[in-house]
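Dear colleague,

Please find the structure below, handed over for your records. My findings follow directly after it.

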Amino acid sequence: MLATILLGFLTSFIAPLLCRRGGARARLLLALLPLTFLVYFFSFLKPLWSGETFRVAYPWVPSLNIELSFYLDGLSLFFGIIIAGIGVLIFVYASGYFEEHPHIGRFYAYLSMFTTSMLGLVLADNVFTLFIFWELTSISSYLLIGFDHEGDTARAAALQALLVTGAGGLALLAGLILLAHAGGSYELSDLVGRGNVLRDHALYLPIFLLILLGAFTKSAQFPFYFWLPAAMAAPTPVSAYLHSATMVKAGVYLLARLYPVLGGTDAWHYIVSVGGAATMLIGAGCALMQTDLKRILAYSTVSVLGILTLLLGLGTPLAIKAAIVFLFVHSLYKGALFLAAGAVDHETGTRDVESLSGLRKVMPVTAVITGLAALSMAGIPPLFGFISKELLYEAKLQAPQAAILITGAGVLANILLVAVAALVVIRPFFGRAIATPKKPHEPPWRLLLGPGILAGLGLVIGLFPDALATPLVEPAIAAVRAEPTEIKLALWHGFNPIFALSLATLACGAVAYGARDWLRRTVTRLPRVSLAGPEHAYELAL
């Protein structure tokens, strides 16, 4: 595992030289890095499904009994495959998106550094190792968000993301040190078995709150959600990778990893669930108010991160199952939508939905890809998103407390997200064609490969979920629950109340889409009780 991490950082150092000497072919060659990671992780799929785990450790600070250790179980494998798999597509996409950009070598250096840092984070067993990789993801994302460094907006967005996640990282460091002190070990694999001791410890609450602060800032939870939409100043490959599939899910990963240690208490249940529910509703509501494709997708990502946090806060076996499956689904459809939005922007010169219409005639392949991903986002069968939406409703209906309230909030958020899914596909691709800043045409294959594969997987896995998804999600669920777990995923469960709820969500989502302009006008007339309060507080602090 250490050799894998070192290979990634070595590639980061040599990427500028390769791009300078090898041109377009070298940029494609760099995609071999995440492909190597992907093959490596797939080699562990069968033994981990059988219940095995793998750990390696190297002496680091022997006088303090601190090791440089890495641990591979179902949860880290699940995240590793998502990071590496989508990474391959992002590396290829970026080679076409930037074409002859003068700083393309620098971009690939940052991207390789980020990919490796994310893998190090999900593989880390030692708490200090985890913190170092946690901060490396913040630093590398700062460089990627601010890649267009000559623009004031990009620099400000990069700084905001760095300061918000960096402040949370300092809180996380304090929480991890206290956790190791209270649990008697620096290794997460040891601490997982000491949950009962830690939950009864006098330091439990400060440990929990400090670690939660780190997770909430990283995964853009209320009140820290504002940095993620601002980070859309980043180039599209960055938005698709960092803000749909990887970095923003680091906080969710941390909550899932530490659930056996800190979960199951009233503090965990109420704080995590309420924070997730607030984020879910705010993100969905704000998404429908936007007109910029990337900001629409960014706010919908905020909402999804809230849903994942809410499910981990509920903590029931069904909620954890729904969280892992939904995380997988979201990585597929949101990655495809971000990349498709970038292709539209690249070929038309705009990503404002008010300035786009009728593109399906000149960009038919992009339209089909976007449509498939949007259908999965809306939860329409036979897409994988339909399976996850049914799991979400089932988990919320079986919440240990306030099930009706939680389900109602979830239905409202999903109605808004269905309207958002309709917005990103209907407005740009249907209707009468209008003039755009650039004459639109189908993008090159490197810009279609990534979103096409991700959208296609949403359909194929939806048709064969138990064969294709279960081997990956089952070990992850077992790792979060710290006990063997068997699951079955199926597309059809018959006509039942949950299916009726799904149909009602789609119908109400269609109404919300039709009323979006009225909703937008109504919101602008309301007194400004501003959701920008947290962002204003950040500006005052800055």
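Helix H17 is followed by Gly379, whose phi is positive, near 80°. Please note that this is a predicted model, and the angle is computed from its atoms.

The helix before that glycine covers residues 364–378. At 1.5 Å a residue, its 15 residues should span 21 Å, and the end C-alpha atoms are 21 Å apart, so the expected and modelled spans agree. Many positions in H17 are buried, among them Thr366, Ile369, Thr370, Gly371, Ser376 and Met377. Several alanines of H17 are buried as well, including Ala367, Ala373, Ala374 and Ala378. The buried residues of H17 pack against helices H15 (293–314), H16 (317–348) and H18 (384–397), and also against H19 (403–429), H20 (445–463) and H23 (497–514).

Turning to the strands, S1 (residues 54–61) and S2 (residues 66–72) pair in the antiparallel sense over seven bridges. Within this pair, Ala57 stands opposite Ser69 in S2. The two strands form a hairpin with four residues between them. In that turn, Asn65 has a positive phi of about 60°.

Finally, the cysteines. A disulfide is a covalent bond between the sulfur atoms of two cysteines. With a cut-off of 2.5 Å between cysteine sulfur atoms, the count comes to zero disulfides. Cys19 has a relative accessible area of 8%, under the 20% limit, and is therefore buried. Cys508, at 38%, lies between the 20% and 50% limits and is therefore partly exposed.

With kind regards

Terms used. Residues are numbered from 1 along each chain as its sequence is written. This is a predicted model: local features need pLDDT of at least 70, side-chain atom pairs count only at pLDDT 80 or more; totals for chains, interfaces and linings use all residues. Side-chain values use heavy atoms; hydrogens and water are left out. The expected span of a helix is 1.5 Å times one less than its number of residues. Buried means under 20% relative accessible area, exposed over 50%, partly exposed in between (1.4 Å probe, protein chains only). Contact means heavy atoms within 4.5 Å. Two strands pair if DSSP finds at least two bridges between them.
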